[in-house]
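Work through the exercises below with the model open. Each task is followed by its solution.

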Amino acid sequence: MRSLTVFCGSNFGTHPRYSEDAKALGREIARRGIRLVYGGSAKGLMGVIADSALAEGGEVIGVITRLLHELGHMHPGLSTYEITEDMRSRKARMSELADGFIALPGGLGTFEELLEAMTLTQLGEHHKGVACLNTAQFFVPLQGLFAHGVQEGFIKAEHSQMLIVEDNPGALLDALGRWQAPVVNKWIEPAKR
Ligand code: AMP
């Protein structure tokens, strides 16, 4: 893996552990010589992970929309940045630049990005791994929702298990490096009625 896209909160969350883990992941990504691609903002955990990778001498690319750039959200110290016209083209570019994806705790933006990355893997549009850093068990409710989707016949178990869930940055990067896409198509045979 040479390049990873990270999705994470543009807020800090309620507990210092969220920032501590974002910092630890940024450091580990830079130490491994992996390029960090992210949304380009200086806000919340986004700013924390960028600062930490940069402080470790890592390469950090921000992909930000014109609107957010004009609103002054851009991190001032990035290695490079790209400006896109809208959120959709921004996500497509972040995906293009990455060999895999990591989500940290975050809000609606983070969930949306994480689920899109998984959906595209599920459909075979790309074969890139998706992981989440499970600080303070943040992603356990999402795993519960996936399990519910499996039980109710909307998600294949293989797809629900695609998400790598780790609470240690090093273990997470190791698991992402080993990951292989499941060879299974998306659709579930309907039960006989
Ligand atoms: P949220 O989880 O709702 O705070 O949104 C964070 C995610 O949405 C990040 O991974 C970004 O890719 C995107 N995002 C949200 N706010 C910004 C911002 N101010 N600048 C750039 N990207 C943002």
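**Exercise 1.** Find which polar atoms of the protein contact oxygen atoms of the ligand.

*Solution.* Start with Cys 8: a polar backbone atom of this residue is 3.2 Å from a ligand oxygen. A polar contact is a pair of N or O atoms within 3.5 Å. Next, take Arg 90. One of its polar side-chain atoms lies 2.3 Å from an oxygen atom of the ligand. Then turn to Thr 110, where a side-chain N or O atom is 2.6 Å from a ligand oxygen. Finally, check the cover: on its own the ligand has 480 Å² of accessible area (Shrake-Rupley method, 1.4 Å probe), and the protein covers 89% of it.

This is a predicted model; local features need pLDDT of at least 70, side-chain atom pairs count only at pLDDT 80 or more, and totals for chains, interfaces and linings use all residues. Residues are numbered from 1 along each chain as its sequence is written, and side-chain values use heavy atoms, with hydrogens and water left out.

**Exercise 2.** Describe the shell around the ligand.

*Solution.* Count first: 16 residues surround the ligand (a heavy atom within 4 Å). His 73, Gly 107 and Glu 113 are among the closest. Sort them next: five are nonpolar, nine polar (Gly among them) and two charged. Then locate them. Helix H5 (residues 108–122; a DSSP run of at least four residues) gives the largest share, four residues.

Methods
Polar contact = N/O pair within 3.5 Å; in protein donor to acceptor, adjacent residues only side chain to side chain. Helix = DSSP H or I, 4+ residues; strand = E, 2+ residues; numbered from the N terminus.
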